[in-house]
Amino acid sequence: MALLKVVNVSQIFTDEVRRAAMDAPSKHVVSKGRGPGSLEGEDTAGLDYNVATGLDMPLVVQNAVETVRVMVSGMVGTVRLDDDPHARINVNRLGVGQRYERHVDGNPITLLIFLNDDFEGGHLMASGLRFAPKLGAAILFEGWTIPHEVAEVTKGERFTLPLNLYPDG
């Protein structure tokens with residue numbers, strides 16, 4: 001059975017850390033058509049979201065990510081973050097009408113950290129399960145084997161911090 005687990009990160013991602021991550025400078029990204037890992041048809045594929053990259057992350061967020069990486073290593077074996085500093089830490093923001101298409105990730109293990117839950121819609125669907133975002137929670141799963149998607153946000157903004165993790169060694 002594939003790895004799919006809810007993890008409590010509330011002691012690491014405190015209000016201060018979450019606020020710093022959500023306030024990091026972001027850029028708007030739009031792409032049309034099927035990208036790597038897309039499982040949708042050409043007519044529905046594409047992305048429209050805002051992202052803040054690792055190079056812009058405050059130190060308090062970088063330290064929290066390292067603490068979470070060590071915690072996950074204790075669960076699944078030693079893991080490392082993405083080698084690309086731009087992809088190492090990202091905060092994704094979805095506004096009203098935005099969603100993530102059905103896809104698989106290019107990394108073996110994904111930890112999706114929910115930074116807020118004061119919005120509507122935007123639930124994660126993976127392995128036939130629906131996960132309502134909950135503050136202080138994260139979903140740990142095999143990113144490149146479990147197809148997943150995020151439903152359209154219908155009210156407010158959804159902030160997540162996905163970590164792309166790789167076995168170390």
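## A tour from a loop to the core

D117 is partly exposed: its relative accessible area is 37%, which falls between the 20% under which a residue is buried and the 50% over which it is exposed. Select D117 to begin. Please keep in mind throughout that this is a predicted model.

**Stop 1: D117 and its surroundings**

D117 sits in the loop between β7 and β8 (120-121). Now add P133, K134 and L135 to your selection: D117 is in contact with these three residues, once its neighbours within four places in sequence are set aside. Zoom in on L135, whose backbone nitrogen is 3.1 Å from a polar atom of the D117 side chain. Then show the C-alpha atoms of D117 and G136. They are 9.2 Å apart in space, while the two residues are 19 residues apart in sequence.

**Stop 2: N116**

Select N116, which also has its place in the loop between β7 and β8. Is N116 buried or exposed? With a relative accessible area of 7%, N116 is buried, because that value is under the 20% cut-off.

What does the side chain of N116 reach at 2.8 Å? That would be the backbone oxygen of E157. Also select F159: its backbone nitrogen lies 2.8 Å from a polar atom of the N116 side chain. To see the wider setting, show M22, P133, L135, E157, R158 and F159, which N116 touches when residues up to four places away in sequence are not counted.

**Stop 3: helix α1**

M22, just met as a contact of N116, belongs to helix α1, residues 15-22. Select the helix and colour its buried residues, which include V17, R18, A20, A21 and M22. Next, show the elements that these buried residues pack against: α2 (59-76), β5 (91-94), β7 (109-114) and β14 (158-167).

**Stop 4: helix α2**

Move on to α2. Why does its length make sense? The 18 residues of α2 should span 26 Å at 1.5 Å a residue, and the C-alpha atoms at its ends are 26 Å apart, so the two values agree.

Colour V61, A64, V65, V68, R69, V72 and S73, the buried residues of α2. They pack against α1, β4, β7, β11 and β14. Just beyond the helix, click on G77, which follows α2 and has a positive phi, near 100°.

**Stop 5: the nonpolar cores**

Now look inside. The largest nonpolar core holds 30 residues, and F13, L111, I113 and L161 have the most contacts within it. Elements giving two or more residues to this core are α1, α2, β4 (79-81), β7, β11 (137-141) and β14. Which of them gives the most? It is α2, with five residues.

Try selecting L111 on its own, then add its contacts. Without counting neighbours within four places in sequence, these are V7, V68, V72, A138, I139, L140, L161, P162, L163 and L165. Another core of 13 residues lies apart from the largest one; Y100, A137, I146 and V153 are among its members.

**Stop 6: N90**

Select N90, found in the loop between α3 (85-88) and β5. N90 counts as buried because its relative accessibility is 13%. Its contacts, leaving out neighbours within four places in sequence, are V51, A52, T53, G54, T160, L161 and P162. You may recognise L161 from the largest nonpolar core.

**Stop 7: R88**

Select R88 in helix α3. Its relative accessible area of 31% makes R88 partly exposed. Not counting residues up to four places away in sequence, R88 touches L81, D82, D83 and L163. Look closely at D82: its backbone oxygen is 3.0 Å from a polar atom of the R88 side chain. Finally, mark the C-alpha atoms of R88 and L165, which are separated by 9.0 Å although the residues are 77 apart along the chain.

**Last stop: the whole protein**

Zoom out and switch to a cartoon view. The secondary structure comes to three helices and 14 strands. Of the 169 residues, 49% are buried. Among contacts with a separation of 6 or more, 82% are between residues 24 or more positions apart. Now turn on the surface: the protein exposes about 8300 Å², and 52% of this comes from carbon and sulfur atoms.

Key: Residues are numbered from 1 along each chain as its sequence is written. This is a predicted model: local features need pLDDT of at least 70, side-chain atom pairs count only at pLDDT 80 or more; totals for chains, interfaces and linings use all residues. Side-chain values use heavy atoms; hydrogens and water are left out. Helices (H or I, at least four residues) and strands (E, at least two) are DSSP runs, numbered from the N terminus. Buried means under 20% relative accessible area, exposed over 50%, partly exposed in between (1.4 Å probe, protein chains only). Contact means heavy atoms within 4.5 Å. Accessible areas come from the Shrake-Rupley method with a 1.4 Å probe; for residues, only the protein chains shown count as cover. A nonpolar core is a set of buried Ala, Val, Leu, Ile, Met, Phe, Trp, Tyr and Cys residues joined through side-chain atoms within 4.5 Å. A polar contact is a pair of N or O atoms within 3.5 Å; within protein, one must be able to donate a hydrogen and the other to accept it, and residues adjacent in sequence count only if both atoms are side-chain atoms. The expected span of a helix is 1.5 Å times one less than its number of residues.
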